[in-house]
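Please find below my comments on the structure, set out as numbered points for discussion. They begin with the chain as a whole and then turn to individual sites.

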Amino acid sequence: MRRRRVLEGAGAVLATAGLGACVPPPARGQAEGGEGAGEAQAVAMATVLERFAARPTTDGAGATLRRVFPHPQLRNLDPFVLLDDFDVRRPAGFPTHPHRGFEAFTYMIAGAFHHKDSMGNDSVIGPGGTQRFTSGRGARHSEMPATDGSNRGLQLWVNLPRRLKKMAPSYAGIDGASMPAPVEGAGHVLREVVGSRSPVELQTEVQYFDVDLLADARFDHAIPSGHNALIYVLDGEVELLGERLGEGEVLLPTPGRVQIAARSASRILWLSGAPHGEAIVHRGPFVD
């Protein structure tokens, strides 16, 4: 399924009732060994809804990526529409194309990406930096690799609620130095990409962590009540909720406490969001 191909989706997948507040990231010293601290200990363990592997594909002008979803096992995850793990090298990329009805959010892991849009924004974001493109009622942009080597990152599409579909488009780029300082625990490092400490502003309540774990380290945290969530293995191998996942694999948990044990040096994406409870109609580059 390409970003420009017309896809019609009705209904949000795996929406849960209630909108809980974001849980803050673990404080320094939490998630050590096999037990969390404070709040995490009082929360019931999550359970597994689904697991699957992201699919290699190309998009744009020869850009290579793993598409986490849309996927045969997950069309969308309210409020999220699409998630790509991309690694793009020149001359491939995403030349100028239109969007409307959602927020495209890019987080860079390696290399850099160059964003230009029809509103006159022109910026390059490197490792640890973010680009938020709120398409609203409609705008055009391009995203092209800015280095000659690997340019790896994650792009997430976050649906806009019906009342905001016609809002004015906008853009914000934040370099890595302006993002929150990483939080170090026992054998892990947490980067809060979106959350209470992050300067990133989305129109939807989202919790987004990038977590590095040493071999045999653990990360213990709770998915907020009412959120839909996803855990994706960027690198390495981890075990959680009775499942062992390797690079490129995905697990959908219910709200609740999750303990992640690294079987090798690993890096994971922790993502959750408050669902809008509205139909997600995905039509290629548009979400109506």
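1. The accessible surface of the chain amounts to about 11,000 Å², and 50% of it belongs to carbon and sulfur atoms. Accessible areas were obtained by the Shrake-Rupley method with a 1.4 Å probe, and for residues only the protein chains shown count as cover. Of the 288 residues of the chain, 52% count as buried; buried denotes under 20% relative accessible area, exposed over 50%, and partly exposed in between (1.4 Å probe, protein chains only).

2. The model is a predicted one, in which local features need pLDDT of at least 70 and side-chain atom pairs count only at pLDDT 80 or more, while totals for chains, interfaces and linings use all residues. Residues are numbered from 1 along each chain as its sequence is written, and side-chain values use heavy atoms, with hydrogens and water left out.

3. The chain has one helix and 24 strands. Helices (H or I, at least four residues) and strands (E, at least two) are DSSP runs, numbered from the N terminus. Among contacts between residues at least 6 apart in sequence, 75% join residues at least 24 apart; a contact here means heavy atoms within 4.5 Å.

4. Strand E9 (residues 130-134) deserves separate comment. Why is E9 described as largely enclosed by the rest of the structure? Five of its five residues are buried, so the description follows. Thr130, Arg132 and Thr134 point one way from E9, whereas Gln131 and Phe133 point the other way. In a regular strand the side chains alternate between the two faces of the sheet.

5. E9 has antiparallel partners in two strands. Five bridges join E9 to strand E6 (residues 102-110) in antiparallel fashion, and Thr130 of E9 is the bridge partner of Tyr107. Five bridges also join E9 to strand E12 (residues 170-174), again antiparallel, with Gly173 of E12 as the bridge partner of Gln131. Two strands are taken to pair if DSSP finds at least two bridges between them.

6. Arg152 belongs to strand E11 (residues 151-159). Its relative accessible area is 14%, so Arg152 is buried. Which side chains make polar contacts with that of Arg152? The side chain of Asp85 does so at 2.9 Å, and that of Asp235 at 3.3 Å. A polar contact is a pair of N or O atoms within 3.5 Å; within protein, one must be able to donate a hydrogen and the other to accept it, and residues adjacent in sequence count only if both atoms are side-chain atoms. Leaving aside neighbours within four places in sequence, the residues in contact with Arg152 include Arg66, Phe86, Met108 and Leu234.

7. Asp84, in strand E4, has 0% relative accessibility and therefore counts as buried. The side chain of Asp84 makes a polar contact of 2.8 Å with the side chain of Arg67.

8. The loop between strand E3 (63-69) and strand E4 (80-88) holds His71. With a relative accessible area of 7%, His71 is buried. What does the side chain of His71 reach at 2.9 Å? One partner is the backbone oxygen of Ala53, and another is the backbone nitrogen of Gln73. His71 and Ala53 are 18 residues apart along the chain, and their C-alpha atoms are separated by 9.1 Å.

9. Two cis peptide bonds should be noted when the backbone geometry is reviewed. One joins Phe69 and Pro70, with omega about 10°; Pro70 lies in the loop between E3 and E4. The other runs from Arg90 to Pro91, with omega near 5°, and Pro91 lies in the loop between E4 and strand E5 (94-99).

10. Positive phi values also merit a remark. Asp216, although not a glycine, has a positive phi of about 75°. Asp216 lies in the loop between strand E15 (206-213) and strand E16 (218-223) and, at 62% relative accessibility, counts as exposed. Leu241, likewise not a glycine, has a positive phi of about 50°. Leu241 is found in the loop between strand E18 (237-240) and strand E19 (243-246). Is Leu241 buried, partly exposed or exposed? At 21% relative accessibility, Leu241 counts as partly exposed.
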